[in-house]
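Q: I would like a close look at a single part of this structure, the place where the ligand sits. Please take me through it step by step.

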Amino acid sequence: MTGRPLTVLVVGATGSIGRLVVAEALRRGHGVRALVRDASRAGRILPAPTALVVGDLTKPATLEPAVEAIDAIVFTHGSGTREADVRDIDYAGVANILTALDGRRVRIALMTAVGTTRPGTPYAAWKRRAERLVRASGDPYTIVRPGWFDYNDAGQRAILLRQGDTEQSGTPADEAIARDEIARVLVDSLTNPAAERLTFELVANEGAEQDDLTPVFSALTPDAPDALDGAEDSPNAPLADEPQRFRDDREAIARLRERAS
Ligand SMILES: NC(=O)c1ccc[n+]([C@@H]2O[C@H](COP(=O)([O-])OP(=O)(O)OC[C@H]3O[C@@H](n4cnc5c(N)ncnc54)[C@H](OP(=O)(O)O)[C@@H]3O)[C@@H](O)[C@H]2O)c1
């Protein structure tokens, strides 16, 4: 691997993407810590060098051991499409982990989904708010919005990154990406400076997977420092129209960062 090995916390490590992230991070020589709810089940799913830390994203008091002395976080947790679940797990999970960090600087890779900026989709709006919290944290980050998992053909492996979230039908027509390639992009972004402060959709074209993602990341526009949204996103959800809960969380997370700097 290039650079020093990191201690990487994987949130959602037992999930269909998280377990591939764990494997990819270990393959690259990183130390991996997995946030899990059920250690005995996780022990059967995840390979032996993974350190298991028990915690629940909906219970902030359980999260401090998970974030102690980490260098990086990959968020791959998820709950479905019920608004209350996405608010209380997908969104609040990010808020609670950032709060537990208490302003300590870490490298973040956050997986959300194609379509987070689609108007009139309440669950997607909470995923977008999770993205907005990561931007407000002041931490170096990459936000990855995958298309449909594993709907790709066998020869459709050429990684394609888009910005602006314009392909958002909410069906596999949004295009597809293999799960293992999502894991690769998330883990690669942690140590690739060209991926810093990027927000992009991730799909695949017909063709071979690239050996080096640096040119693929470098072709994109980074988010402006302290931006609310991704560089090319539609400004269709102004802060003033957002729920008070989100505005409070965003301010509190930005304050933690100011206090720590
Ligand atoms: N399917 C697609 O085509 C597609 C496309 C783009 C984006 N996405 C997004 O991808 C996400 C799903 O990814 P996936 O397939 O990897 O998910 P998954 O297999 O359902 O895994 C979800 C992970 O989240 C963890 N989790 C849930 N609630 C938790 C809590 N309260 N505390 C701690 N961990 C918790 C689960 O832990 P346990 O093992 O303990 O339950 C599990 O590790 C969704 O958010 C979806 O929006 C999906």
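To start with, which side chain has an N or O atom 2.9 Å from a nitrogen atom of the ligand?

A: It is the side chain of Asp 56: one of its N or O atoms is 2.9 Å from a nitrogen atom of the ligand. The protein covers 77% of the 940 Å² of accessible area that the ligand has on its own. Please keep in mind that this is a predicted model.

The backbone takes part as well. A polar backbone atom of Ile 17 is 2.9 Å from an oxygen atom of the ligand. For Gly 12, a polar backbone atom is 3.3 Å from a ligand oxygen atom.

Now consider the whole shell. There are 23 residues around the ligand, and those that come nearest are Thr 14, Ser 16, Arg 37, Arg 41 and Lys 127. By kind, the shell divides into nine nonpolar, nine polar and five charged residues. Two of the elements that supply at least two shell residues each are helix H4, residues 83–101, and strand S7, residues 148–149.

Helix H4 leads from the ligand to the sheet. This helix lies across S1, S2, strand S4 (72–75) and strand S5 (107–111), and runs at about 170° to S4. The sheet is open and has eight strands, in the order S3-S2-S1-S4-S5-S6-S10-S8, with mixed pairing. Its edge strands are S3 (51–54) and S8 (158–162), each of which pairs on one side only. On average, and ignoring direction, neighbouring strands of this sheet are turned by 25° against each other.

Strands of a sheet pair through backbone hydrogen bonds, either parallel or antiparallel. One pair here is strand S1 (residues 7–11) with strand S2 (residues 31–36): they run parallel and are joined by five bridges. Within this pair, Val 11 has Leu 35 of S2 as its bridge partner.

Another helix also lies on these strands. Helix H6, residues 179–191, lies across S1, S4, S5, strand S6 (141–146), S8 and strand S10 (198–205). Helix H6 runs at about 160° to S5.

Conventions: Residues numbered from 1 in each chain as written. Predicted model: local features only at pLDDT ≥ 70, side-chain atom pairs only at ≥ 80, totals over all residues. Heavy atoms only, no water. Near = heavy atom within 4 Å. Polar contact = N/O pair within 3.5 Å; in protein donor to acceptor, adjacent residues only side chain to side chain. Areas by Shrake-Rupley, 256 points an atom, 1.4 Å probe, with all protein chains shown as cover. Helix = DSSP H or I, 4+ residues; strand = E, 2+ residues; numbered from the N terminus. Nonpolar A, V, L, I, M, F, W, Y, C, P; charged D, E, K, R; others polar. Pairing = 2+ DSSP bridges. Axes fitted to C-alpha atoms, helices over the stretch in contact; angles between N-to-C directions. Contact = heavy atoms within 4.5 Å.
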